[in-house]
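Here is my note on this model, written as numbered points. Please keep the structure open beside it as you read.

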Amino acid sequence: QHLSSLLAPACLRESHAAMPVPEPDVDVPAGDTKKGAKLFKAKCAQCHTIEKGGNVKQGPPLFGLIGRQSGTCDGFAYSEANKNSGIIWSDKHLYEYLLNPKKYIPGTKMVFAGIKK
């Protein structure tokens, strides 16, 4: 399964955030399901869930992320930076964010330093 199918829209609520930010002009490399699952388990699962109805942990649940406004999943205390970023999550936004979260959304609470390309 492709990452975007796992993270299809869910967990939506009305948002009063900034105007949507255009997608970055980047080429997202093709994914590898096996490597991605291993990477998620090693780097992400401690703080995030991906199953439908997953619990809030140190980070918000990621099921339904693609197509969702940043900072809008009920039950998680997002930073003002995330709430007001204007990002509607897409593969391009997510790729750039995961390379360096604090650079992509200055003021984010996410402690993850980023993944190497």
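1. Start with the surface. The protein has an accessible surface of about 7,600 Å². Carbon and sulfur atoms account for 58% of that area. Keep in mind that this is a predicted model.

2. Now look at burial. The protein has 117 residues, and 35% of them are buried. Several side chains discussed below can be placed on this scale. Buried here means under 20% relative accessible area, and exposed means over 50%.

3. Next comes the fold. How many helices and strands are there? The protein contains 5 helices and 0 strands. Read from the N terminus, the order of elements is α-α-α-α-α.

4. Consider how the chain meets itself. Take the contacts in the protein with a separation of 6 or more. Of these, 49% join residues 24 or more positions apart.

5. Check the cysteines. The number of disulfides is 0. Why do C44 and C47 form no bond? The cysteine sulfur closest to that of C44 belongs to C47, and it lies 8.6 Å away, too far for a bond. A disulfide needs the two sulfur atoms within 2.5 Å. The view from C47 matches: its closest cysteine sulfur is in C44, at 8.6 Å.

6. Compare the cover on these two residues. C44 has 23% relative accessibility, so it counts as partly exposed. C47 has a relative accessible area of 18%, so it is buried. The cut-off of 20% falls between these values.

7. Turn to charge. Side chains of opposite charge can pair when their charged atoms come close. The count here is 1 salt bridge. It joins the side chains of K83 and E80, with 3.0 Å from N to O.

8. Where do these partners sit? Both K83 and E80 are in helix α3, which covers residues 80–83. They are 3 residues apart, so about one helical turn separates them. Is K83 buried or partly exposed? K83 is partly exposed, because its relative accessibility is 31%.

9. Finish with the rings. The model has 2 aromatic pairs. One of them is F76 with Y78: the ring centres are 4.8 Å apart and the planes meet at 75°, so this pair is edge-to-face. The angle needed for that label is over 60 degrees.

10. Both rings of this pair belong to buried residues. F76 has a relative accessible area of 18%. Y78 comes in at 12% relative accessibility.

Terms used: Residues are numbered from 1 along each chain as its sequence is written. This is a predicted model: local features need pLDDT of at least 70, side-chain atom pairs count only at pLDDT 80 or more; totals for chains, interfaces and linings use all residues. Side-chain values use heavy atoms; hydrogens and water are left out. Buried means under 20% relative accessible area, exposed over 50%, partly exposed in between (1.4 Å probe, protein chains only). Helices (H or I, at least four residues) and strands (E, at least two) are DSSP runs, numbered from the N terminus. Contact means heavy atoms within 4.5 Å. Accessible areas come from the Shrake-Rupley method with a 1.4 Å probe; for residues, only the protein chains shown count as cover. A salt bridge is a side-chain nitrogen of Lys or Arg within 4 Å of a carboxyl oxygen of Asp or Glu. Rings of Phe, Tyr and Trp (its six-membered ring) pair if their centres lie within 6.5 Å; planes under 30 degrees apart count as stacked, over 60 as edge-to-face and the rest as tilted.
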